[in-house]
Amino acid sequence: MGKILLAHGSGGKLSHELIEKYFLPYFKNPFLELLNDQAVFDVHSRVAFTTDSYVVDPIFFPGGNIGDLAINGTVNDLSMAGAKPLYLSAGFILEEGFPIKELEEILASMKKAADEASVIIVTGDTKVVNKGKADKIFINTSGIGIIEKPVNISANNLKIGDKIIISGAIGEHGIAVMTKREGLEFKKEIKSDTAPLNSLVADMLSASTDIHALRDPTRGGLATILKEFAISSNVGIVIYEDKIPVKDEVSGACEILGLDPLFVANEGRLIASVFPESAEAVLKAMRKNKYGRDAEIIGEVAAEHKGVVILKTRIGGKRVIDMLMGEQLPRIC
Amino acid sequence: MRFIDEFRESEYAKAIVDKIHYISRKNVKLMEVCGTHTVAIFKSGIRGLLPAAIKLISGPGCPVCVTPMTDIDKAIALARQKDVIFTTFGDMMRVPGSLGTLQKKKADEGLDIRIVYSPLDALKIARDNKDKKVAFFSAGFETTTPAIAATVFQAHMDGLSNFFILPVNKTVPPAIKALLDTAELGLDGFICPGHVSVLIGSNAYKFIAEKYKRSAVISGFEPVDILLSIYMLIKQIEEKDARVEIEYKRAVTPEGNKKAMGIMWDVFEPCDADWRGIGVIPESGLRLTKKYEMFDAVKHFGINVPAVEDKTSCNCGDILRGLKEPPECRLFGKVCTPENPVGPCMVSEEGSCSAYYRFGANG
Amino acid sequence: MCLGIPAKVIKIDDHLAIVEIGGARKEIGLLLVDDISVGDYVIVHAGYAINKINEKEAEETISLLRRLADEVYR
């Protein structure tokens, strides 16, 4: 099957071949088939719009690949506003020499992820750069979604008394990506939790529209998002160590590497700040959804210690949680 | 997780806290020597649970924090050598030398600097890259040094000629002695480092009780271990009884791990060492013995860096010796933060200043 | 200075072993310890076992903790 050549990105015959032979078959839809430089459609609603670039290394990891992240990540960013994701764009920057077989595998994953999330890729672009000017493959996806319910979901909208809910166990993506690099193996393999959360958010909003904030704890983990919430809304947040779900394998891996699961990235989880009277109903709805089975209420929004996140430890003590500074590096000390 | 979960049980923790409150009368100053204990204490919020009469002071037991700027400069000089792959524990990446950190130099100059979890990883890199030279930043106390010694021993047995170490290892008992010789400190007892003690044995601390008449308890690292150790120390102090006790009985014995220490003393021998923020402590450092000299990176590459004097108004020296607390340093939280650390205590994640800043004053 | 974790030895191959903690597994070196068998718990630091856990002492410490808890809560 061969490798990507510079000519594949120059707009000529090889570029067309690449699109017709690989991209179109996977992303087949009436918009793309027109092969125009843009997609044209009507929207009669409040619109949410987002963009993200994906540069993860390794590009293939237990539970997924860069393609899964590229679709799910953007679907999730839209969902975190309470928007129903509709249309995505996908821009690819390929390094000269990148194996076409691997490109195909990534495209197949993207198709599967897009189908699951009920979104379509309506426009795209591919460029090829000289060897060494990009690390294998970079993907940018932008997305448009519509907000049909009367919601105002934003990090600066937390209200005192809100319950903080997490949709499942933390740390799986970050650990999965590190597995090969750190020579870790598992009794039960840790897979990335990458997943589209739009159906989960839709179920939550059906249970109650009193959801004040939503975010997916990707880079920097749960701790960083809570700190962002606290600062943005100028409130205090209290969370309880014994309520935070962490799988044994993730705990074990974190113990070995000297990492704190609170700061490890997730790609298929969300944190919600919910009006207290609605919290139980929202939790119940979450647990009925495939991606919210292990959802838990882990804390609440407080009037005191504004801008500060406090963790109540298992033994009854208190600890301040700050956001991640730089990367978490494996430690021996 | 076995042998971990039992020592995180909130029921046991609360019971010990109650008992501590029950027996505590005197104002007492305890030092946790080990940086990993400092972090553990902050992470579980132990300070806030203790009676006001008990003051916990963080000590200099952070091998990263006490690495002088010159040693970081040597590391950077090594990483810059042609065909060198420089390997290090993650802990050392953000320590500032006079030219910057290993992390920054890696980014700015494209140096081949790799983080390893174990010296064995560095050895493997050497085996897999025979055309390159691999240097390992050998840092740590007696918990880590035997592991490094075993790796050097292995390299020697295998006749590996492209593996070197930059030794900045130090030992703990001389540092504790130096602290006890600092009269102003007024320490009543020591929470001794559990894993260093696995190697050196509790007998190594006899001098604390016998010569200096202070209490010492060797502690594990889970919250219940630390609380139990504090309880044991308070009990000793209230009963005016200065002894060396082991709380971490499941791992520490009076003699320690003789096999491991034997390997360490075959590969390394004592020398004087400069502790950043404190100064030179005699016989507290380690260098390679003649038999293993060929593994010394500084000798092999002829590394020569100018001595650097630390001229900041940083109070780390006083903080490391327990004379001041982080907020008392003028630079703390203003000029000196974890993102822009000035002194060693803010650099390492388990430095007092860093822990204080990140986890909060009320611990 | 001392992140050391208790892990169970599940396989031994000369001076290397595979240990497991909470379902996570890693290969470590055994050069610093003697007399290790599969099923033993060791403390792992920087890729080496630094000691074998004395399970009897562990149980005694836990009994002590239980007694303390009983005294306080009875």
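These notebook entries cover one interface, two helix pairs, one helix and one sheet.

**Entry 1: conventions**

I am working with a predicted model, in which local features need pLDDT of at least 70 and side-chain atom pairs count only at pLDDT 80 or more, while totals for chains, interfaces and linings use all residues. Residues are numbered from 1 along each chain as its sequence is written, and chains are lettered from A and ligands numbered from 1 in the order in which they are written.

I take helices (H or I, at least four residues) and strands (E, at least two) as DSSP runs, numbered from the N terminus. I call two residues in contact if their C-beta atoms, placed from the backbone, lie within 7 Å.

**Entry 2: chain C against chain B**

I looked up the interface and found 32 residues of chain C in contact with 43 residues of chain B. On the chain C side, strand S4 (41-45), strand S5 (48-52) and helix H1 (55-73) each supply at least two residues. H1(C) gives the largest share of that side, 10 residues.

I then sorted the chain C side by class, with Ala, Val, Leu, Ile, Met, Phe, Trp, Tyr, Cys and Pro as nonpolar, Asp, Glu, Lys and Arg as charged, and the others, Gly among them, as polar. The result is 21 nonpolar, eight polar and three charged residues.

**Entry 3: two helix pairs in chain B**

I use axes that are lines fitted to C-alpha atoms, for helices over the stretch in contact, with angles that run from 0 to 180 degrees between N-to-C directions.

I find H6(B) (residues 145-157) packed on H11(B) (residues 258-267) at about 65°, the axes being 8 Å apart. The crossing is left-handed (the near helix is turned anticlockwise from the far one by less than a right angle; clockwise would be right-handed). H6(B) contributes residues including Ala149(B), Val152(B) and Phe153(B), and H11(B) residues including Met261(B), Ile263(B) and Met264(B). I count 10 nonpolar, one polar and no charged residues in this contact.

For H1(B) (residues 10-23) and H10(B) (residues 223-238) I note an angle of about 20° and axes 9 Å apart. That angle makes H1(B) roughly parallel to H10(B) (angles under 35 degrees count as such, over 145 as roughly antiparallel, 65 to 115 as roughly perpendicular and the rest as oblique). This crossing, too, is left-handed. Among the residues that meet are Ile16(B) and Ile20(B) of H1(B) and Leu227(B) and Tyr231(B) of H10(B). The contact holds 13 nonpolar, no polar and three charged residues.

**Entry 4: helix H5 of chain A**

I scored burial from C-beta atoms placed from the backbone: a residue is buried if 20 or more others lie within 10 Å of its own, exposed if 12 or fewer, and partly exposed in between. Eight of the 11 residues of H5(A) are buried, so this helix is largely enclosed by the rest of the structure. Its buried residues pack against strand S2 (60-61) and helix H8 (248-257) of chain A.

I examined Ala176(A), which lies in H5(A) (residues 172-182). Ala176(A) counts as buried because it has 27 C-beta neighbours inside 10 Å. Leaving out residues up to four places away in sequence, Ala176(A) touches Phe61(A), Pro62(A), Gly63(A), Ile190(A), Lys191(A) and Ser192(A). After the helix comes Gly183(A), with a positive phi near 65°.

**Entry 5: strand S12 of chain A**

I count strands as paired if DSSP finds at least two bridges between them. S7(A) (residues 163-166) and S12(A) (residues 296-302) pair in the antiparallel sense over four bridges, with Ile164(A) bridged to Gly299(A). S10(A) (residues 236-240) also pairs with S12(A) in the antiparallel sense over four bridges, and here Val238(A) has Glu300(A) as its bridge partner.
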